[in-house]
Amino acid sequence: VMNMPLFLPGALLQSFLGGGNNCGKHSMKKGVGDWFVPLCQVVSCSHALPMSTTFRHPHLIRFDSIVDLVYQLAMRDDEALLEISRRMGEWNRALIKEDHDFWRETILALRSWN
């Protein structure tokens, strides 16, 4: 299981990078200003991103710009990164145990159904 620290774009940056699939076509309508696409992307992603798998992991490090990423990398020493790695390992082991327990209970329930 991968336990290395992961740096991911924050919610606002992520919405600009890949959000709002339908925003471009709506921006072509007459009377829509340049402000529409960025706002549309933020609004269309704001409800979905917090529920995505990557945004729910507590040990991920999010950055809001390239400058923020460089700053966060510079401010963390080896000990801080090792602590993040340790927390990732604990989280991953808990997820594996939860999956194992779920499937064990499911199989036992199906076997007892007959």
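A residue is called exposed when its relative accessible area is over 50%, buried when that area is under 20%, and partly exposed in between. These terms are used throughout the legends below, which describe a predicted model.

**Figure 1. Overview of the predicted chain, with its 6 helices and 2 strands.** Along the sequence, the secondary structure elements follow the order β-α-α-α-α-β-α-α. The chain has 114 residues, of which 21% count as buried. About 8600 Å² of the chain is exposed, and carbon and sulfur atoms supply 64% of this area. Among the contacts with a sequence separation of 6 or more, 69% are made by residues 24 or more positions apart.

**Figure 2. Helix 6 and the residues that it buries.** Helix 6 runs over residues 78–113. It comprises 36 residues, and the distance from its first C-alpha to its last is 52 Å, close to the 52 Å expected at 1.5 Å a residue. Ile84, Met88, Gly89 and Asn92 are the buried positions of this helix. Strand 2, residues 61–63, is the element against which the buried residues of helix 6 pack.

**Figure 3. Surroundings of Ile61 in strand 2.** Ile61 counts as buried because its relative accessibility is 5%, below the 20% limit for that class. Residues up to four places away in sequence aside, Ile61 touches Leu6, Phe7, Leu8, Gln72, Arg76 and Ile84. One of these partners, Ile84, is also among the buried residues of helix 6. Another, Phe7, is separated from Ile61 by 54 residues in sequence, yet the two C-alpha atoms lie 4.7 Å apart in space.

**Figure 4. Salt bridge between Lys97 and Asp101 in helix 6.** Side chains of opposite charge can pair when their charged atoms come close. Here the closest N and O atoms of Lys97 and Asp101 are 2.7 Å apart, inside the 4 Å limit for a salt bridge. Because Asp101 and Lys97 are 4 residues apart in helix 6, about one helical turn separates them. Asp101 is partly exposed because its relative accessible area is 24%. Lys97 has a relative accessible area of 51% and is therefore exposed.

**Figure 5. Network of Glu83, Arg86 and Glu90, joined by salt bridges that share partners.** Across the model, the count of salt bridges comes to 4. In this view, the side chains of Glu83 and Arg86 meet in one of them, with an N to O distance of 2.4 Å. Glu83 and Arg86 are separated by about one helical turn because they are 3 residues apart in helix 6. Arg86 also forms a salt bridge with Glu90, and the closest N and O atoms of this pair are 2.2 Å apart. Arg86 and Glu90 both belong to helix 6, where they stand 4 residues apart, about one turn of the helix. Each member of the network falls in the partly exposed class: Glu83 because its relative accessibility is 32%, Arg86 because its relative accessible area is 38%, and Glu90 because its relative accessibility is 40%.

**Figure 6. The aromatic pair of Phe102 and Trp103.** A search of the whole structure returns 1 aromatic pair. The ring centres of Phe102 and Trp103 are 4.9 Å apart and their planes meet at 80 degrees, so the pair is edge-to-face; that class requires planes over 60 degrees apart. Phe102 lies in helix 6. With a relative accessibility of 47%, Phe102 counts as partly exposed.

**Figure 7. Nonpolar surface patch made by Phe102, Trp103 and Ile107.** The patch covers about 350 Å². Phe102 can belong to such a patch because its relative accessibility is 47%, which is above the limit of 30% that patch residues must exceed. Phe102 and Trp103 thus appear in two views, since the rings of these residues also form the edge-to-face pair.

Notes. Residues numbered from 1 in each chain as written. Predicted model: local features only at pLDDT ≥ 70, side-chain atom pairs only at ≥ 80, totals over all residues. Heavy atoms only, no water. Patch = residues over 30% accessible without salt bridge, like charges linked within 9 Å, V, L, I, M, F, W, Y side chains within 5 Å. Areas by Shrake-Rupley, 256 points an atom, 1.4 Å probe, with all protein chains shown as cover. Buried < 20%, exposed > 50% of the residue type's maximum accessible area, 1.4 Å probe, protein only. Expected span 1.5 Å × (residues − 1). Contact = heavy atoms within 4.5 Å. Phe/Tyr/Trp six-rings, centres within 6.5 Å; stacked < 30°, edge-to-face > 60°.
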